[in-house]
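Colleague: Could you take a close look at the ligand site for me? I'd like to hear what surrounds the ligand and how that part ties in with the rest of the fold.

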Amino acid sequence: MNDCLFCKIIKGEIPSTKVYEDDMVYAFRDIAPQAPHHVVIVPRIHLASANEITPENSKYVAKIFEVVPKIAKELGFDERGYRVVNNCGEDGLQSVKHLHFHLMGGRKFSWPAG
Ligand code: AMP
């Protein structure tokens, strides 16, 4: 996907503050953080949204959720807790069309979400 922002970040064509990477996943600081720690975790393959998760590619999602507690521990908010969010599509207010999960920690969140 030549015009995908997160594909460009994964390739290093757009700078990012890396938090974690492996052969399947890349994680970086969100440019507009909504919490003291706000990390965006993306699969290295381009999937437009959660709607494109299938039995063939769901290993990327599983890997992302393996990485979540690692990052939370590394950044020091695993015990206190955190929120993981996926925005999907227009109603979900997804702005970047590359599947990603927001990992946010370091403050208390409210519920229900707006
Ligand atoms: P969403 O609205 O769920 O699609 O989330 C997209 C996220 O990407 C937002 O929280 C943005 O702040 C974040 N974002 C957009 N551009 C960049 C960038 N260049 N570097 C880091 N985060 C970004």
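Modeller: When I say helix or strand here, I mean a DSSP run, at least four residues of H or I for a helix and at least two of E for a strand, numbered from the N terminus. Keep in mind that this is a predicted model.

Let's start with who's at the ligand. It has 15 residues around it, and the closest are Asp-30, Asn-87, Ser-95, His-100 and His-102. Helix 1 supplies the largest share of that shell, three residues. Sorted by class, the shell breaks down into eight nonpolar, five polar and two charged residues.

Now the polar side. Asn-87 puts a polar side-chain atom 2.8 Å from a ligand oxygen. His-100 has one at 2.9 Å from an oxygen atom of the ligand, and for His-102 the distance to a ligand oxygen is 2.8 Å. As for cover, the ligand on its own would expose 500 Å², and the protein buries 84% of that. Two elements give two or more residues each to the shell: helix 1, which spans 5-11, and strand 2, which spans 25-29.

His-100 deserves a longer stop. You'll find it in the loop between strand 4 (82-85) and strand 5. It has a relative accessible area of 4%, so it counts as buried; the cut-off for that is under 20%, with only the protein chains taken as cover. Besides facing the ligand oxygen at 2.9 Å, the His-100 side chain reaches the backbone oxygen of His-98 at 2.6 Å. Beyond its neighbours within four places in sequence, His-100 is in contact with Phe-6, Val-40, Ile-41, Val-42, Val-85, Asn-86 and Gln-94.

That same loop between strand 4 and strand 5 also holds Leu-93. Buried or exposed, then, for Leu-93? Leu-93 is exposed, because its relative accessibility is 70%. Its backbone is worth a glance too: phi is positive, about 60 degrees, although Leu-93 is not a glycine.

Next, helix 1, through Ile-9, which belongs to that helix. Ile-9 has 8% relative accessibility and therefore counts as buried. Apart from residues up to four places away in sequence, Ile-9 touches Ile-14, Ser-16, Tyr-26 and Phe-28.

How does this link up with the nonpolar interior? In general, nonpolar side chains in soluble globular proteins tend to be buried together. Here the largest nonpolar core counts 19 residues, and those with the most contacts inside it are Tyr-20, Val-25, Ala-27, Val-39, Ile-41, Ile-71 and Leu-103. Strand 2, strand 3 (37-43), helix 2 (58-75) and strand 5 (101-105) each give two or more residues to this core, with the largest share, eight residues, coming from helix 2. There's also a second, separate core of 10 residues, including Tyr-26, Val-40, Val-42 and Val-96. So that you can place the two cores against the site: Ile-41 is one of the residues with the most contacts in the 19-residue core, Val-40 and Val-42 sit in the 10-residue core, and His-100 is in contact with Val-40, Ile-41 and Val-42.

Val-39, in strand 3, gives you another route from the core to the ligand. Its relative accessible area is 0%, which means it is buried. Setting aside neighbours within four places in sequence, Val-39 is in contact with Val-19, Ala-27, Phe-28, Asp-30, Ile-71, Leu-75, Phe-101, His-102 and Leu-103. Asp-30 and His-102 in that list are among the closest residues to the ligand. Val-39 and Phe-101 are 62 residues apart in sequence, yet their C-alpha atoms are 8.2 Å apart in space.

Val-25 is another of the well-connected core residues. Not counting residues up to four places away in sequence, it touches Tyr-20, Ile-41, Val-42, Arg-44, Tyr-60, Lys-63, Ile-64 and Val-67.

One last item for your checklist: the peptide bond from Trp-111 to Pro-112 is cis, with omega near 5 degrees. Pro-112 is in the segment after strand 5.

Conventions
Residues numbered from 1 in each chain as written. Predicted model: local features only at pLDDT ≥ 70, side-chain atom pairs only at ≥ 80, totals over all residues. Heavy atoms only, no water. Near = heavy atom within 4 Å. Polar contact = N/O pair within 3.5 Å; in protein donor to acceptor, adjacent residues only side chain to side chain. Areas by Shrake-Rupley, 256 points an atom, 1.4 Å probe, with all protein chains shown as cover. Nonpolar A, V, L, I, M, F, W, Y, C, P; charged D, E, K, R; others polar. Core = buried A, V, L, I, M, F, W, Y, C linked by side-chain atoms within 4.5 Å. Buried < 20%, exposed > 50% of the residue type's maximum accessible area, 1.4 Å probe, protein only. Contact = heavy atoms within 4.5 Å.
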